[in-house]
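Work through the exercises below with the sequence and the coordinates at hand. Each task is followed by a solution in steps.

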Amino acid sequence: MKYWKYYLVALLVIAIDQLSKWAVHTYMQPGMPGEVPVFGDWFKLHYTLNPGMAFGFELPPPYGKVVLTVFRIVAVTGISYYIYRLWKERAPQGLLICIALILGGAIGNLIDSIFYGIIYDNAPFGVPTPWLHGQVIDMLFVDFPDGFFPISWPLVGGKVIPDFPIFNIADSSIFIGVALILLNQTRFYGHQYQEAKPIAAEGPEAAQARHDAEATAAS
C-alpha cells in the first residue's frame, strides 16, 4: 500500500471524530438531562467537556492547556514523519495502520484544543484567549454500576468502584492503536522487520512493488 494511504486512514478517523463531536454539540444537551442510552444502562452517549487530555486527565492552569496543545502539535508532527519512515523500512501494514489510528486520534483532539474555544465558544472562564484553550467534546460513557470492590480483591478491595472516564472517537482510536501494537509486538517488530533494508535506494516502482509484497506477507 502506498504510504499516503495511511494518512487517509488518519483522515478518516479525524472526519468521524469531528462529525461525532459536531452532532453531539448540535443535537444533545450537556450532562445527565441529555443522556442517550445506546446499550441498556451500561453504555450511553453523555455530552461533557474535557479541558485536559484523553480520558479526563488535565494539566494545571493557567498554562497547562497551552503546554498540552504545543506538545500535541510536536507529537503529531513526529508521528506523521514516523509513518513515512516506517513505510520506507518496509514495516508491516498492521503496524502502519495502528500508527495512523494514533495520528488521527491525536489530530482530532488537537483540533478541539486549538479551535473549539472559537468555534463552539467553550473555552473555560478566565483564560487569556480562546485560542489553544478549547475544551475537548467527550460523549462515550461506559456506566459501571455503583458499589464497592469485593474485600477479597488485593489492593482495591473495599474501595468504591470509580466512574469510567467519558471519552470520544479520537481517544478510542488512540487506545485501539496502542493496544494493538502492544498485543502484536513480536509480529510488528519481529526479526524480518528489524533486518529489512530501507527501500529509498531502489527505483520508485520497484520500491513500491517490493514494499507492497513484503508488507502484505508480514501482516
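**Exercise 1. Salt bridges**

State how many salt bridges the structure holds, then describe the one between Asp-112 and Lys-21.

Solution.
1. The structure, which is a predicted model, holds five salt bridges.
2. In one of them, the side chains of Asp-112 and Lys-21 meet with an N to O distance of 2.7 Å. The cut-off for a salt bridge is 4 Å, so this pair qualifies.
3. Asp-112 lies in helix α3 and Lys-21 in helix α1, so the pair ties together parts that are 91 residues apart in sequence.
4. Both Asp-112 and Lys-21 are buried.
5. Asp-17 belongs to the picture as well: a network of salt bridges links Asp-17, Lys-21 and Asp-112.

**Exercise 2. Burial of other charged pairs**

For the pairs Lys-44 with Glu-35 and Glu-89 with Arg-85, decide whether each residue is buried or partly exposed.

Solution.
1. The limit needed here is 20% relative accessible area: under it a residue is buried, and from there up to 50% it is partly exposed.
2. Lys-44 and Glu-35 form a salt bridge through their side chains, at 3.5 Å from N to O.
3. Lys-44 has a relative accessibility of 12% and therefore counts as buried. Glu-35, at 21%, is partly exposed.
4. Glu-89 and Arg-85 also form a salt bridge, with 3.4 Å between the closest N and O atoms.
5. Glu-89 has a relative accessible area of 22%, so Glu-89 is partly exposed. Arg-85 is partly exposed too, with 42%.

**Exercise 3. Helix α1**

Check the length of α1 against the expected rise per residue, and list its buried residues.

Solution.
1. Helix α1 covers residues 3-27 and has 25 residues.
2. At 1.5 Å a residue, α1 should span 36 Å. The expected span uses one less than the number of residues.
3. The end C-alpha atoms of α1 are 37 Å apart, which agrees.
4. The buried residues of α1 are Tyr-6, Ala-10, Val-13, Ile-14, Asp-17, Gln-18, Ser-20, Lys-21 and Val-24.
5. An α-helix has 3.6 residues a turn, so residues three or four places apart point the same way.

**Exercise 4. Nonpolar core and nonpolar surface**

Find which elements supply the largest nonpolar core and which supply the nonpolar surface patch.

Solution.
1. The largest nonpolar core has 20 residues, of which Ile-83, Leu-95, Ile-99 and Ile-181 touch the most other members.
2. Two or more residues of this core come from each of α1, α2 and α3 (93-119). Helix α3 gives the largest share, 10 residues.
3. Apart from this core lies another, of 11 residues, including Met-28, Ile-137, Leu-140 and Phe-167.
4. On the surface, Tyr-3, Trp-4, Leu-8, Leu-11, Tyr-81 and Tyr-84 make a nonpolar patch of about 610 Å².
5. The elements with two or more residues in the patch are α1 (3-27) and α2 (64-88). The largest share, four residues, comes from α1.
6. Tyr-84 is found in helix α2 and, at 30% relative accessibility, counts as partly exposed.

**Exercise 5. Annotated spans**

Compare the record's "transmembrane region" spans with the model.

Solution.
1. The UniProt record, an unreviewed entry, places this feature at residues 63-83, 95-119 and 164-183.
2. Residues 95-119 are 100% helix and 0% strand, and their end C-alpha atoms lie 34 Å apart.
3. Residues 164-183 are 75% helix and 0% strand, with end C-alpha atoms 23 Å apart.

Terms used. Residues numbered from 1 in each chain as written. Predicted model: local features only at pLDDT ≥ 70, side-chain atom pairs only at ≥ 80, totals over all residues. Heavy atoms only, no water. Patch = residues over 30% accessible without salt bridge, like charges linked within 9 Å, V, L, I, M, F, W, Y side chains within 5 Å. Areas by Shrake-Rupley, 256 points an atom, 1.4 Å probe, with all protein chains shown as cover. Buried < 20%, exposed > 50% of the residue type's maximum accessible area, 1.4 Å probe, protein only. Core = buried A, V, L, I, M, F, W, Y, C linked by side-chain atoms within 4.5 Å. UniProt positions renumbered as here; feature names shortened; annotations may be inferred.
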